[in-house]
Amino acid sequence: MAKMSVDKGYFSNHQEVMDDIAKTGYWPTTYVSDPSPELPLHRHPEDIIGYLMEGSSYVLSDGGERIELEPGDRLVIPKGALHAEGEVTDRMVYVVTVGNAIPFIEALAPLDVQSEWPEMPGQPQ
């Protein structure tokens, strides 16, 4: 199964984000996140690419690896990739894109939410 990836320092300005979106052909929207707790492991029904414009947080991979996020990072989440968004302590701004023209809320709907981490090396405690 495809895995989530983070491209560190992928872009340096809004125009580079828009140019990348034009190459992917994905459908963009802006997502502003206020402080929120870490989410449980889950999957999404669509391919998603997010560009972190402002703020910082982290994501957790299917193996429990913590990957820090900061402005300039691109987050690629293929359809069905198991992952978890980390705690947000301050406002974050993303440009979020989806592979198909569907309502944003449907694309981000979590599937197969895991209440506990699968047993594997490196899992969070």
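This report describes a predicted protein model, covering its confidence, strand pairing, largest pocket and selected residues.

## Basis and confidence

Residues are numbered from 1 along each chain as its sequence is written. Because the model is predicted, local features need pLDDT of at least 70 and side-chain atom pairs count only at pLDDT 80 or more, while totals for chains, interfaces and linings use all residues; side-chain values use heavy atoms, with hydrogens and water left out.

The average pLDDT (the predictor's confidence in each residue, from 0 to 100) of the protein is 88, and 90% of the residues score at least 70. Over residues 116-125, pLDDT stays under 50. For residues 116-125 the model has 17 contacts (heavy atoms within 4.5 Å) beyond four places in sequence. Where pLDDT is low, the predicted coordinates should not be read in detail.

## Strand β9 and its partners

Helices (H or I, at least four residues) and strands (E, at least two) are DSSP runs, numbered from the N terminus. Strand β9 spans residues 92-98. Seven of its seven residues are buried (under 20% relative accessible area, with exposed over 50% and partly exposed in between, for a 1.4 Å probe and protein chains only), so β9 is largely enclosed by the rest of the structure. Both faces of β9 are covered: M92, Y94, V96 and V98 lie on one side, and V93, V95 and T97 on the other.

Two strands pair if DSSP finds at least two bridges between them. β2 and β9 run antiparallel and are joined by seven bridges; here V32 has V93 in β9 as its bridge partner. β4 also pairs with β9 in the antiparallel sense, over six bridges, and Y51 has V95 in β9 as its bridge partner.

Within β9, V96 is buried, with a relative accessible area of 7%. The C-alpha atoms of V96 and Y51 are separated by 6.4 Å, although the two residues are 45 residues apart along the chain. Apart from neighbours within four places in sequence, V96 is in contact with W27, P28, T29, Y31, I48, I49, G50 and F104.

## Strand β7 and the open sheet

Strand β7 is likewise covered on both faces, with R74 and V76 buried on one side and L75 and I77 buried on the other. Three bridges join β7 to β1 in an antiparallel arrangement, and D7 stands opposite R74 in β7. The pairing of β7 with β4 is also antiparallel and has four bridges; I49 has V76 in β7 as its bridge partner.

An open sheet of three strands follows the order β6-β5-β8, with antiparallel pairing. β6 (66-69) and β8 (84-85) stand at the edges, each with a single partner strand, so one side of each has no neighbour in the sheet. β5 and β8 pair in the antiparallel sense over two bridges, and V59 stands opposite E85 in β8.

## The largest pocket

On a 1 Å grid over the protein atoms alone, a pocket is an open set of points where a 1.4 Å probe fits, with protein on both sides within 12 Å along at least five of seven lines; lining residues have an atom within 4 Å of a point. The largest pocket has a volume (the space filled by probe spheres set on the points, which are joined across faces, edges and corners) of about 540 Å³. It is lined by 26 residues, of which Y31, L39, H44, E85 and L108 are the closest to its centre.

The elements that give two or more residues to the lining are β2 (27-33), β4 (48-54), β5 (57-60), β7 (74-77), β9 (92-98) and α2 (104-107). β9 gives the most, with three residues. By class, the lining has 18 nonpolar residues (Ala, Val, Leu, Ile, Met, Phe, Trp, Tyr, Cys and Pro), seven polar residues (those in neither other class, Gly among them) and one charged residue (Asp, Glu, Lys and Arg form this class).

## Two further residues

E106 lies in helix α2 and counts as partly exposed, at 45% relative accessibility. E106 and H44 are 62 residues apart in sequence and 8.9 Å apart in space, C-alpha to C-alpha.

M1 is found in the segment before β1 (5-7) and is exposed, with a relative accessible area of 75%. Not counting residues up to four places away in sequence, M1 touches R43 and G80. The C-alpha atoms of M1 and D19 are separated by 28 Å, with their positions 18 residues apart along the chain as a sequence separation.
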